[in-house]
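Open the model in your viewer and keep the selection box ready. We will go from stop to stop.

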Amino acid sequence: MTSPTGAGTGEVSRTSRLLLSMAAVAVAFAAADTYVVVLALPDMMTGVGVPIDQLQRAAPIVSGFLLGYVAMLPLIGRIADLRGRVPVLVMALVLFALGSLVTTLAYDMPSIVAGRFLQGVGGGGLVPATLALVADLYPVERRGVPLGVVSAVQEIGSVLGPLFGAAVLAVSDWRAIFAVNLAVGLVLAAAIRSLAPHERSTPRRRPDLVGLVLLLATLAGGATVFLRPSSLMRDLTWGQLFIPFAGDGRWLTPLGALTTGALVLLVAWCWYGPHPLLDLRGWGRVLVEADLVGALLLAAALGGVILAFATADPKIEVFSPRGRWYLLGALVATAAFTWHVRRAANPLVPRGALRRTPAWGALLVSFFVGAALIAALIDIPLFARTTVYPDDQLPAALVLVRFLLALPVGAVLGGYLIRFLSPGIVTAVGMLLAATGFVLMTRWGLTTIEEPIANLALVTGGLGFGLALAPVNAALLAFTDDDVHGVASAFVVVARMVGMLVGISALTTIGLRRYYAEQLAVPPVQEVCDGKSRCKEFSDLLRVAGIAQEHAVFWGAAGCAVLAAVLALVLFRQVGPTRLAARDLFTGSA
């Protein structure tokens with residue numbers, strides 16, 4: 001794939017900057033959607049018929065998004081290398097919007113999980129395409145700050161997500177959140193498409209009226225099937241369209257059959273039509289060229305790992321009771337993927353794509369960065385709930401905002417520093433700062449969260465993690481070829497997400513062992529709680545045990561951060577400052 005601007009010249013047009021800005025906004029918005037269910041999840045459960053006291057049944061709403069986000073990333077990254085960054089950005093936003101539509105109209109668990117899965121596929125696909133776009137637009141010596149900005153906006157999304165959800169829930173219900181996602185996704189897709197470079201010799205095509213009619217018919221029928229307007233259902237004539245042929249499934253109705261037929265006709269037209277609304281045949285060829293078989297095998301492997309850890313209850317287990325079978329399936333799929341890559345003519349991961357040490361080293365460093373980062377995202381709010389906010393989730397979540405606001409600042413700073421310092425040094429300094437933040441958190445007591453001194457640990461940790469993001473991506477992109485930047489960027493994101501899953505399970509297990517050990521020293525409630533003051537004493541003893549649990553998690557996260565720092569120094573030792581790296585790559589000495 002050729003660069004849209006010729007990155008080697010160092011000249012980036014205003015349109016290209018605007019294109020990258022719109023892609024970064026899309027990444028931030030999709031990242032916000034990852035966290036938007038934090039406050040909306042109880043209402044979403046009620047909306048699809050899941051009782052609020054059966055929270056475990058809502059796990060697929062979260063794991064479905066995560067599965068779509070991670071499992072399809074390598075395939076989307078490879079398609080971005082073959083088809084181009086802008087087409088993939090547009091298609092990812094369309095998938096995100098489609099998932100938002102399905103989620104908005106969801107009426108049961110399968111439909112809402114399907115919608116969240118599509119949202120995950122679309123939202124995840126934006127990240128590698130945007131990172132690869134940076135590499136296309138900027139030469140090696142000027143990538144640091146843009147990579148830092150992309151990393152920063154991705155983390156800002158984690159701050160805006162819960163706030164966005166809270167703002168919408170204050171005036172409407174949870175469905176409005178995803179209706180807004182639908183509108184914003186389509187607007188961003190149209191904006192990015194309009195900024196794409198066009199060939200002047202390409203003739204302007206007429207609008208595909210047939211495809212547009214079939215699309216509107218499918219959307220109108222699907223919306224009616226999902227929403228089931230009471231005025232139509234009570235009508236003697238139109239109401240018959242909602243009576244199932246068999247069972248009680250909504251798609252087993254005349255209206256459901258008509259909608260399915262319209263969808264089949266739309267797909268057929270987009271495949272065989274002369275100038276279809278969506279060139280499915282072209283995308284089909286790209287899927288084959290991108291190695292769909294290999295992508296499905298890798299997705300099965302990643303899906304097994306995700307389900308093994310994401311479906312577990314971290315309070316009692318590292319992975320779920322069925323986790324062993326999920327991991328066994330992942331192992332089999334990994335073996336099949338390895339065999340396939342060695343035999344395929346055009347494998348998903350081109351041979352030698354990650355052969356250089358800094359390239360595969362970036363994946364390893366990213367794994368441990370994720371394992372440490374998840375401890376901050378999960379356990380800082382938990383610590384606040386354990387100590388000063390036991391009955392209020394919102395103030396506990398807002399404590400994390402101090403950490404998250406420092407993170408994007410560090411991301412931009414880290415991107416700037418690698419112009420003068422080695423990415424290995426910047427990453428190591430960042431992760432050592434993160435480890436320092438965790439060590440300071442191990443000194444927190446019952447009331448520390450309310451004291452100004454708590455900000456030192458939060459800001460230090462957030463700044464440290466931010467510093468490490470851009471250098472890892474820069475090292476990866478500098479030591480991979482231009483035609484694999486998309487799939488390589490996808491793998492570094494996958495490595496961090498898998499690190500988060502494994503990290504939260506392992507660290508929580510360590511913390512729980514500490515909690516149970518501390519709990520043994522707490523006398524039985526009947527021996528302590530014989531009055532209000534004594535009951536408060538018992539409660540304080542339990543909170544001290546909870547604090548010990550979180551301290552153990554913070555110590556473990558600090559260890560992961562230190563390990564990431566050491567690995568960065570060792571594995572990125574070939575990578576100098578980006579100014580020097582650009583000269584070395586030009587002369588062939590890298």
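In which loop is D291 found? Select D291 and look to either side. It sits in the loop between α12 (280-289) and α13 (292-310). Check its backbone too: phi of D291 is near 75 degrees, a positive value in a residue other than glycine. Buried or exposed? D291 has a relative accessible area of 6%. The cut-off for buried is under 20%, so D291 counts as buried.

**The whole protein**

Now zoom out. This is a predicted model. Colour it by secondary structure. You should find 22 helices and 0 strands. The protein has 590 residues, and buried residues make up 52% of them. Take the contacts between residues at least 6 apart in sequence: 79% of these join residues at least 24 apart.

**Helix α1 and helix α5**

Select residues 14-35, which form helix α1. Add residues 85-105, helix α5. Two packed helices are described by the angle between their axes and the distance between the axes. For α1 and α5, the angle is about 30 degrees and the axes are 12 Å apart. Angles under 35 degrees count as roughly parallel, so α1 and α5 are roughly parallel to each other. Their crossing is left-handed.

Now show side chains. On the α1 side, pick L19, A23, A26, F29, A30 and D33. They meet V86, L89, L93 and F96 in α5. By class, this contact has 9 nonpolar residues, no polar ones and 1 charged.

**Helix α1 and helix α8**

Keep α1 on screen. Hide α5 and select residues 174-195, helix α8. How far apart are the axes of α1 and α8? The distance is 10 Å, and the packing angle is about 160 degrees. Angles over 145 degrees count as roughly antiparallel, so α1 and α8 are roughly antiparallel to each other. This crossing is left-handed.

Show side chains again. In α1, select T15, L18, L19, M22, A23, V25, A26, F29 and D33. Their partners in α8 are F178, V180, N181, V184, L188, A191, I192 and L195. The contact divides into 14 nonpolar, 2 polar and 1 charged residues.

**Residue A372**

Next, jump to helix α15, residues 357-387. Select A372, which lies in this helix. Its relative accessible area is 0%, so A372 is buried. Which residues does A372 touch, not counting those up to four places away in sequence? Select F438, F465, A557, C560 and A561. Then select G499 and draw a line between the two C-alpha atoms. A372 and G499 are 127 residues apart in sequence, yet 8.2 Å apart in space.

**Confidence**

Last stop: colour the model by pLDDT. The protein averages 80, and 85% of the residues score at least 70. Which element has the highest mean pLDDT? Helix α17 (residues 423-441) does, with 95. Helix α22 (residues 578-587) has the lowest, at 42.

Now check the ends of the chain. Over residues 1-9 the pLDDT is below 50. Beyond near neighbours in sequence, this stretch has 21 contacts in the model. Then select residues 579-590, where pLDDT also stays under 50. Here the model has 13 contacts beyond four places in sequence. Where pLDDT is low, the predicted coordinates should not be read in detail.

Conventions:
Residues are numbered from 1 along each chain as its sequence is written. Side-chain values use heavy atoms; hydrogens and water are left out. Axes are lines fitted to C-alpha atoms, for helices over the stretch in contact, and angles run from 0 to 180 degrees between N-to-C directions. Helices (H or I, at least four residues) and strands (E, at least two) are DSSP runs, numbered from the N terminus. Angles under 35 degrees count as roughly parallel, over 145 as roughly antiparallel, 65 to 115 as roughly perpendicular and the rest as oblique. A crossing is left-handed if the near helix is turned anticlockwise from the far one by less than a right angle, and right-handed if clockwise. Contact means heavy atoms within 4.5 Å. Ala, Val, Leu, Ile, Met, Phe, Trp, Tyr, Cys and Pro count as nonpolar, Asp, Glu, Lys and Arg as charged, and the others, Gly among them, as polar. pLDDT is the predictor's confidence in each residue, from 0 to 100. Buried means under 20% relative accessible area, exposed over 50%, partly exposed in between (1.4 Å probe, protein chains only).
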